Amino acid sequence: MALKSLVIGVRIDETLKAHNCQANAKHRLQHGDRRLKVRNGRSWDHYCGSCAATILSRDIEKLTVLQREFSPATKRT
Ligand SMILES: [Zn+2]
């Protein structure tokens with residue numbers, strides 16, 4: 001049985017051509033910058049490092065809440 005994952009559409013790569021961050025057009029990615037690639041349908045969205053940090057910590061919070069729901073230690077009253 002395959003282990004399913006929620007984070008199948010996420011990668012890190014390097015910017016090949018300068019472009020704007022997809023979360024904020026004021027964030028400019030330069031050639032060689034590390035960026036977060038997120039699957040969006042058939043294509044990918046690309047985010048700068050600072051937006052990537054925000055997105056990741058927000059999602060970790062969401063996952064922590066979900067994890068708590070399924071933890072045997074969670075009391076259901
Ligand atoms: Zn950004």
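These notes cover the fold, the overall dimensions, one hairpin and one loop residue of a predicted model.

1. **Elements.** The chain holds one helix and five strands. Their order from the N terminus is β-β-β-β-β-α. The helix therefore follows the strands in this DSSP-based numbering.

2. **Dimensions.** The radius of gyration is 16 Å, whereas a compact globule of 77 residues would come near 11 Å. Along the principal axes, the C-alpha atoms of the chain occupy a box of roughly 55 × 30 × 20 Å.

3. **Burial and contacts.** Of the 77 residues in the chain, 10% are buried. Take the contacts between residues at least 6 apart in sequence: 29% of these join residues at least 24 apart.

4. **The β4–β5 hairpin.** Strand β4 spans residues 34–40 and strand β5 spans residues 43–47. The two run antiparallel and are joined by five bridges. One pairing to check on screen is V38, whose bridge partner in β5 is D45. Two residues lie between the strands of this hairpin. G41 sits in the turn, with a positive phi of about 65°.

5. **A25.** This residue lies in the loop between β2 (19–20) and β3 (28–29). Is A25 buried or exposed? A25 counts as exposed, because it has 8 C-beta neighbours inside 10 Å, and the cut-off for exposed is 12 or fewer.

6. **A25 and K62.** These two residues are 37 apart along the chain. Their C-alpha atoms are separated by 26 Å.

Definitions and conventions: Residues are numbered from 1 along each chain as its sequence is written. This is a predicted model: local features need pLDDT of at least 70, side-chain atom pairs count only at pLDDT 80 or more; totals for chains, interfaces and linings use all residues. Two strands pair if DSSP finds at least two bridges between them. Helices (H or I, at least four residues) and strands (E, at least two) are DSSP runs, numbered from the N terminus. The radius of gyration is taken over C-alpha atoms; the globule rule is 2.2 Å times the number of residues to the power 0.38. A residue is buried if 20 or more other C-beta atoms lie within 10 Å of its own, exposed if 12 or fewer, and partly exposed in between; C-beta atoms are placed from the backbone. Two residues are in contact if their C-beta atoms, placed from the backbone, lie within 7 Å.
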